[in-house]
Amino acid sequence: MWNVVGYATIVIPAAVVIRMIKNSNFNEKEDPQSEMEKGTTGHERSDATPVSLRRTASKLLICVAGLQMSYIMWGILQERVMTQSYQEILPDGTTKEVKFKNSQFLVFVNRILAMGVAGVYIIVTRQPQHRAPLYKYSYSSFSNIMSSWCQYEALKFVSFPTQVLCKASKIIPVMLMGKLVSKKSYPYYEYFIAVVLSVGVSLFLLSTGTQKKTAVETTVSGALILLGYMLFDSFTSNWQSELFHSYKMSSMQMMFGTNLFSSIFTFWSLLQNGKLFSSVIFAIDHPEFAYHSVILSLCSATGQLFIFYTIQSFGPVVFTIIMTTRLMLSIVISCILYQHPLSTQAVFGVIVVFTALFLRVYARYRTKGTGKG
């Protein structure tokens with residue numbers, strides 16, 4: 001309840017977003033793409049210097065290893081922090097098991113470290129001059145912290161494999177948000193794949209044995225929070241694409257600006273609802289939790305750097321394949337470590353989802369290769 005009240009004090013930017021979208025020429029521009037992807041295309045076409053197979057293979061191996069290690073470790077720690085207990089030593093020398101419940105604090109630590117990593121990178125590499133109005137980052141920052149909060153909170157109601165599978169199918173709300181915000185149109189295969197994804201996710205979620213908690217209210221709460229995650233996350237990517245298109249900033253500048261406002265928003269909300277100091281005290285009293293929180297945030301920040309490097313070096317298709325594989329591995333590892341039961345129907349649903357994702361990657365590759373994309 002207090003998390004909602006705290007975020008209510010910064011909900012004004014969300015209303016301003018809607019007003020800006022209605023009053024701007026956002027919908028009249030061409031199909032927005034990430035500046036990273038545009039930069040990648042230009043780089044690949046203009047680079048006429050032949051690169052040895054060994055060097056290319058080495059770079060690809062570094063990207064694969066970096067992304068897999070960063071985000072698989074991030075997923076494992078995320079589930080550990082939100083679902084498992086930490087030991088607390090009582091005054092009489094006995095111990096008891098306690099859980100950390102304030103996911104907002106984890107978002108705050110994550111954004112602070114990500115902002116620091118981006119700031120150091122900008123200073124070291126001397127990024128080009130920044131042109132975007134700073135306040136425009138606040139809109140994607142708000143949606144970004146809300147999607148992160150939903151992501152952590154969902155683990156209180158649904159299993160990690162369920163969360164990962166829903167994240168894998170977020171193409172559906174992304175398409176809906178694209179049509180609502182920027183009037184985008186999509187090829188027919190995108191709609192077909194969206195339907196297949198819906199079927200796969202439905203098979204997984206409706207299977208018996210997927211959830212340890214089977215109460216109807218628990219399932220509904222988890223589904224609503226996951227829906228909130230996907231909607232906020234979809235808006236974030238669409239708004240950032242528009243900023244990339246309009247102001248041509250670098251990826252690191254986007255990362256710094258977004259995390260700057262996210263840090264301010266979460267700090268103010270934590271301070272207002274009185275959770276900041278209690279979370280810090282919890283971290284001091286439970287060094288294992290503090291260690292997990294820092295490593296969790298470092299994995300996220302490092303993973304973002306590998307995302308930018310991979311897209312710049314090999315393009316978005318290769319990146320999508322790597323990240324899709326990562327999602328599959330995350331589900332397998334989570335089921336092994338935390339003993340999530342999966343029925344035959346659930347396994348079939350997972351196979352349907354990831355088959356659809358790989359088909360989407362292949363279809364987009366073929367479309368671009370024939371010049372129709």
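# A walk through a predicted helical chain

Residues 24 or more positions apart account for 87% of the contacts in the chain with a separation of 6 or more. The model is a predicted one. Its secondary structure comes to 15 helices and 2 strands, and 49% of the 373 residues count as buried.

A record gives some orientation along the sequence. An unreviewed UniProt entry lists residues 105-124, 188-208, 214-232, 253-271 and 345-363 under "transmembrane region". Two of these stretches can be compared with the model. Residues 105-124 are 100% helix and 0% strand, with 29 Å between the C-alpha atoms at the two ends. Residues 253-271 are likewise 100% helix and 0% strand, and here the end C-alpha atoms lie 27 Å apart.

Helix α5 covers residues 103-125. From first C-alpha to last, the 23 residues of α5 reach 33 Å, close to the 33 Å expected at 1.5 Å a residue. Arginine 126 follows α5 and has a positive phi, near 55 degrees. Further on comes helix α6, residues 137-154, with 18 residues and a reach of 26 Å, close to the 26 Å expected at 1.5 Å a residue. Helix α6 is mostly covered, with 18 of its 18 residues buried.

Glutamate 153 takes part in a salt bridge. Its partner is lysine 156, and the closest N and O atoms of the pair are 3.0 Å apart. The two residues differ in exposure: glutamate 153 is buried because its relative accessible area is 8%, under the 20% cut-off, whereas lysine 156, at 25%, counts as partly exposed. Side chains of opposite charge can pair when their charged atoms come close.

The count of salt bridges comes to 2. The other pair is arginine 80 and glutamate 288, whose side chains meet with an N to O distance of 3.6 Å. This pair links distant parts of the chain, since arginine 80 belongs to helix α4 (residues 53-83) and glutamate 288 to helix α13 (residues 287-314), 208 residues apart. Arginine 80 is buried, at 15% relative accessible area, while glutamate 288 is partly exposed, at 43%.

The next part of the tour concerns α11 and the residues on either side of it. Lysine 248 sits in the loop between α10 (216-247) and α11. Its phi is near 55 degrees, a positive value in a residue other than glycine. Lysine 248 is partly exposed, with a relative accessible area of 45%.

How do α11 and α12 pack, in angle and axis distance? Helix α11 (residues 251-272) and helix α12 (residues 275-285) pack at about 95 degrees, with 5 Å between their axes. Angles of 65 to 115 degrees count as roughly perpendicular, so that is the description for α11 and α12. At the meeting of the two helices, Phe267, Leu270 and Leu271 in α11 touch Lys275, Leu276 and Phe277 in α12.

Leucine 270, in helix α11, is worth following further. At 0% relative accessibility, leucine 270 counts as buried. Leaving aside neighbours within four places in sequence, leucine 270 contacts Asn102, Gln104, Phe105, Phe108, Lys275 and Leu276. One of these partners, glutamine 104, is 166 residues away along the chain, yet the two C-alpha atoms are separated by 7.4 Å.

Serine 279 in helix α12 has partners in a similar part of the sequence. With neighbours within four places set aside, serine 279 is in contact with Phe100, Asn102 and Phe105. Asn102 and Phe105 are thus contacts of leucine 270 and also of serine 279. Serine 279 is buried, with a relative accessible area of 1%.

Towards the end of the chain, threonine 367 lies in helix α15, residues 344-369. Threonine 367 is 180 residues from proline 187 in sequence, and their C-alpha atoms are 9.7 Å apart in space. At 18% relative accessibility, threonine 367 counts as buried, because the cut-off for that class is under 20%.

Conventions. Residues numbered from 1 in each chain as written. Predicted model: local features only at pLDDT ≥ 70, side-chain atom pairs only at ≥ 80, totals over all residues. Heavy atoms only, no water. Salt bridge = Lys/Arg side-chain N within 4 Å of Asp/Glu carboxyl O. Helix = DSSP H or I, 4+ residues; strand = E, 2+ residues; numbered from the N terminus. Buried < 20%, exposed > 50% of the residue type's maximum accessible area, 1.4 Å probe, protein only. UniProt positions renumbered as here; feature names shortened; annotations may be inferred. Expected span 1.5 Å × (residues − 1). Axes fitted to C-alpha atoms, helices over the stretch in contact; angles between N-to-C directions. Parallel < 35°, antiparallel > 145°, perpendicular 65-115°, else oblique. Contact = heavy atoms within 4.5 Å.
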